[in-house]
Amino acid sequence: LGVKIEGGMSRHVISAHTSEVTNLVYGRRMVDGVMSTLLASASFDYRFKIHDLTCSKLCVQPEPEEITLMSPDTYKLENKIFGLASSPDLSLNICTSLSPYLTLISYPQNDVGMVNPKPRTYNVGEHVIIRTVALSRFCKFFLTGDSNGSIFRWTLTREEGGAYETNVPPVSSKFPGGHQMTVSSIVISKDESIAVSGSHDSSCIVWSIQDPSNPVNLYCCKVEGTLIGKVRKVAIIENGPGIYFTSGGDDAFVRVWNVITGKMMIALEGHKDRVTSFAVCPGSRYLASGSRYRSVKVWDFRSIFEENSLSNVMEILTVHADFDFQHMSQEKEGPP
């Protein structure tokens with residue numbers, strides 16, 4: 001894991017996995033009496049790991065250095081891991097893989113550290129692969145999107161010992177009027193009232209999920225003839241009264257939509273290949289978008305909330321990996 005930022009900033013490499021890393025999540029938790037910064041990683045090598053980044057070597061070395069963190073907690077699944085959703089303290093981690101199984105990995109709430117994981121695995125049925133998962137802010141439920149275009153809501157409960165449990169939702173609980181192809185990404189708003197999903201059918205759907213038993217399809221967002229190819233990722237941007245969502249996919253645009261009206265507000269250019277990932281900073285001022293071209297762009301969204309305008313949204317930083325991936329085969333480029 002490592003990147004080089006244009007302008008000469010150094011990088012650090014964490015020896016973590018033997019195959020493509022598909023997901024990264026930061027967390028904060030007390031470990032051995034110290035508030036520690038943790039990093040959860042998931043990979044096509046079937047492994048889920050939690051690394052303790054509270055290590056002076058990560059911040060004092062001026063030159064790139066490869067670091068092997070001491071005894072990261074590791075849990076091995078039965079197949080390549082596609083999706084990962086985690087609680088802020090990483091006490092709950094939900095993994096989806098290239099198989100009809102979903103795995104919950106829980107850690108007890110104690111001061112010993114990330115030890116004694118309590119995994120639970122659920123069979124979601126043959127010919128179904130869960131491609132994306134979103135966890136609610138207070139860990140009461142999560143949403144999944146699968147290869148059949150279906151979205152389901154799962155209810156979470158917690159045992160006295162700290163392990164989370166759920167039940168495979170019945171077919172009758174599938175979100176109505178959904179996507180026609182694979183659901184590639186799904187996100188939940190902070191107040192847990194809205195969800196947004198993106199799909200390989202080139203559409204995004206805004207859902208009202210206030211009533212757990214009656215999710216409502218509010219808008220199907222699609223730019224006919226312009227949004228070419230699959231939607232790969234969506235993210236919600238909310239600050240005060242304003243709420244928007246972004247979509248990215250095969251046409252290399254970062255599109256910004258109004259959640260209330262379902263209308264596209266602006267299409268941001270800059271990436272040279274499909275957009276594959278988003279990250280929104282706390283406060284929603286900055287959005288980072290990642291591309292298959294091995295680049296990350298950071299966008300300043302301050303004008304949305306201070307001026308009620310999208311005209312001044314600007315790219316303020318580009319990060320580009322300097323690694324040579326040309327030797328990688330077509331099969332290793334990631335999920336289709």
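**Surface, fold and salt bridges**

The accessible surface of this protein comes to about 16,300 Å², and carbon and sulfur atoms account for 51% of that area. The model is a predicted one, and the values discussed here were computed from its atoms. Of the 336 residues, 49% count as buried.

The secondary structure consists of two helices and 27 strands. One may then ask how the chain meets itself in space. Among contacts between residues at least 6 apart in sequence, 46% join residues that are at least 24 apart.

Charged side chains offer a second way to read the structure. Side chains of opposite charge can pair when their charged atoms come close. How many salt bridges does a search of the whole structure find? The search finds five.

One of these joins Glu159 and Arg120, whose closest N and O atoms are 3.3 Å apart. The two residues lie 39 positions apart and belong to distant parts of the chain. Arg120 is in strand β10, which covers residues 118–123, while Glu159 is in the loop between β14 (157–158) and β15 (164–165). Glu159 is partly exposed because its relative accessible area is 32%, a value between the limits of 20% for buried and 50% for exposed. Arg120 has a relative accessible area of 22%, so this residue is partly exposed too. The pair also belongs to a wider arrangement: Arg120, Glu159 and Glu165 are linked in a network of salt bridges.

A further salt bridge brings together the side chains of Asp250 and Arg232, with a distance of 2.8 Å from N to O. This pair, too, links distant parts of the chain, the residues being 18 apart. Asp250 is in the loop between β21 (242–249) and β22 (254–258), and Arg232 is in strand β20, residues 231–239. Are these two partners buried or exposed? Asp250 is partly exposed, with a relative accessible area of 29%. Arg232 has a relative accessible area of 11% and therefore counts as buried, since buried means under 20%.

The side chains of Asp251 and Arg255 also meet in a salt bridge, at 2.9 Å from N to O. Here Asp251 is buried, and Arg255 is buried as well. In the Glu159 and Arg120 pair, by comparison, Glu159 is partly exposed, as is Arg120.

Note on methods
Residues numbered from 1 in each chain as written. Predicted model: local features only at pLDDT ≥ 70, side-chain atom pairs only at ≥ 80, totals over all residues. Heavy atoms only, no water. Helix = DSSP H or I, 4+ residues; strand = E, 2+ residues; numbered from the N terminus. Buried < 20%, exposed > 50% of the residue type's maximum accessible area, 1.4 Å probe, protein only. Contact = heavy atoms within 4.5 Å. Areas by Shrake-Rupley, 256 points an atom, 1.4 Å probe, with all protein chains shown as cover. Salt bridge = Lys/Arg side-chain N within 4 Å of Asp/Glu carboxyl O.
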